[in-house]
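Please open the model in a viewer and keep the selection panel at hand. The tour below proceeds stop by stop, with a selection to make at each.

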Amino acid sequence: MFSTQLPTVFSIAFLMAFSFPVLMVASLAKKGKVKNGFWLVLSFYVPYLIMVALASNNGFFDEVMLPPKIVLTSTLPLALFVTIIYNTKACKKANATLKLEALVRIHIFRLIGSTFIILMLYDLLPPVFALFAGIGDLLTAITSIFVVKAIQNGKNYALRLTYIWNSFGLVDILITSAMAIIFTKISIDNGVQGVEVLAEFPFCFIPAFAPPTIIFLHLLVFRKLLWFRKS
């Protein structure tokens, strides 16, 4: 069930930790006063991630191809889905209801990006990719604490700081996603290590969940900041 290339206890710990991002996104929907928002989010993500897990365990993502099969069958469809959600009236209403600090605070879940660095230490990810992705996630997560504090304290630079922080976090996830494709291409062309471990259970949840969801959350922050600028 779990990858045999690293201790099972780490895979279990990752699986347990990964429940927090999903629960935090569900809680955000509840705070945005979306009707049954918490359960709606869970009723989507839980079956979706179960299907991803089953596909991974059945070897569906094993073929090294470009673009990666996990991207074609999970990341891109989820990206399309959240794009549709982002443009709905319900999402815009929730976006207006949510406090800016709540939209920033949720990014603390990107601490789970430390997984990239741990996988590198087990020689399962290229160092350049793992360090960029891991450090970027950790920086975004940790600095979100200071951004939230600036907003709550009403600092005159809070909105500008939020814009800079949000831009960094968005660019980081976009570059990380692009790097995953680049390293897959290098792996195919030269027969060297790529990011194949991210197609194995439970780490398949990272590409299946993280890029579209994180980009969606950053776009919510940008829309909130735009409303502040217009008001």
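Helices, as the word is used on this tour, are DSSP runs of H or I with at least four residues, numbered from the N terminus. The model is a predicted one.

**Stop 1: helix 6 and the residue after it**

Select residues 114–121, which form helix 6. Which residues of helix 6 are buried? They are Thr115, Phe116, Ile117, Leu119 and Met120. Display helix 1 (8–31), helix 7 (127–152) and helix 9 as well, since the buried residues of helix 6 pack against these three helices.

Next, select Asp123, just after helix 6, where phi is positive at about 60°. Most residues other than glycine have a negative phi, and most peptide bonds are trans. Asp123 belongs to the loop between helix 6 and helix 7. Is Asp123 buried or exposed? Its relative accessible area is 59%, and the cut-off for exposed is over 50%, so Asp123 is exposed.

**Stop 2: Ala141 in helix 7**

Move along to Ala141, which is placed in helix 7. Ala141 has a relative accessible area of 0% and is buried. With residues up to four places away in sequence not counted, Ala141 touches His107, Ile108, Arg110 and Leu111. Draw a distance between the C-alpha atoms of Ala141 and Ile108: they lie 4.3 Å apart in space, although 33 residues separate them in sequence.

**Stop 3: helix 7 against helix 8**

Show helix 7 together with helix 8 (residues 158–190). Two packed helices are described by the angle between their axes and the distance between the axes. For helix 7 and helix 8, the angle is about 165° and the axes are 10 Å apart. Angles over 145 degrees count as roughly antiparallel, and the two helices are therefore roughly antiparallel to each other. The crossing of helix 7 with helix 8 is left-handed. Colouring the residues of this contact by type gives 16 nonpolar, 7 polar and 2 charged.

**Stop 4: along helix 8**

Keep helix 8 on display and hide helix 7. From its first C-alpha to its last, helix 8 reaches 47 Å with 33 residues, close to the 48 Å expected at 1.5 Å a residue. Within helix 8, select Thr184. Thr184 counts as buried, at 6% relative accessibility. Which residues does Thr184 contact, leaving aside its neighbours within four places in sequence? They are Val64, Met65, Leu66, Pro68 and Val195. Continue to Gly191, which follows helix 8 and has a positive phi near 65°.

**Stop 5: two cis peptide bonds**

Select Leu66 again, this time with Pro67. The peptide bond from Leu66 to Pro67 is cis, with omega near -5°. Pro67 is located in the loop between helix 2 (37–57) and helix 3 (69–86).

Then select Phe201 and Pro202, which are also joined by a cis peptide bond, with omega about 5°. Pro202 sits in the loop between helix 8 and helix 9.

**Stop 6: helix 4 against helix 9**

Select residues 89–97 for helix 4 and residues 205–230 for helix 9. At what angle do their axes cross? They cross at roughly 65° and come within 10 Å. Helix 4 and helix 9 are therefore roughly perpendicular to each other, and the crossing is right-handed. To see the contact, show the side chains of Cys91, Lys92, Asn95, Ala96 and Thr97 on helix 4, and of Phe216, Leu220, Arg223, Lys224 and Trp227 on helix 9. The residues of this contact divide into 5 nonpolar, 2 polar and 3 charged.

Now centre the view on Arg223 in helix 9. Arg223 counts as buried, at 9% relative accessibility. Beyond its neighbours within four places in sequence, Arg223 is in contact with Tyr86, Cys91, Lys92 and Asn95. A distance drawn from the C-alpha of Arg223 to that of Met179 spans 27 Å, for two residues 44 apart along the chain.

**Stop 7: Asn36**

Finish at Asn36, in the loop between helix 1 and helix 2. Phi of Asn36 is positive, near 55°, in a residue other than glycine. Asn36 counts as exposed, at 52% relative accessibility.

Conventions:
Residues numbered from 1 in each chain as written. Predicted model: local features only at pLDDT ≥ 70, side-chain atom pairs only at ≥ 80, totals over all residues. Heavy atoms only, no water. Axes fitted to C-alpha atoms, helices over the stretch in contact; angles between N-to-C directions. Parallel < 35°, antiparallel > 145°, perpendicular 65-115°, else oblique. Left-handed = near helix turned anticlockwise from the far one by under 90°. Contact = heavy atoms within 4.5 Å. Nonpolar A, V, L, I, M, F, W, Y, C, P; charged D, E, K, R; others polar. Buried < 20%, exposed > 50% of the residue type's maximum accessible area, 1.4 Å probe, protein only. Expected span 1.5 Å × (residues − 1).
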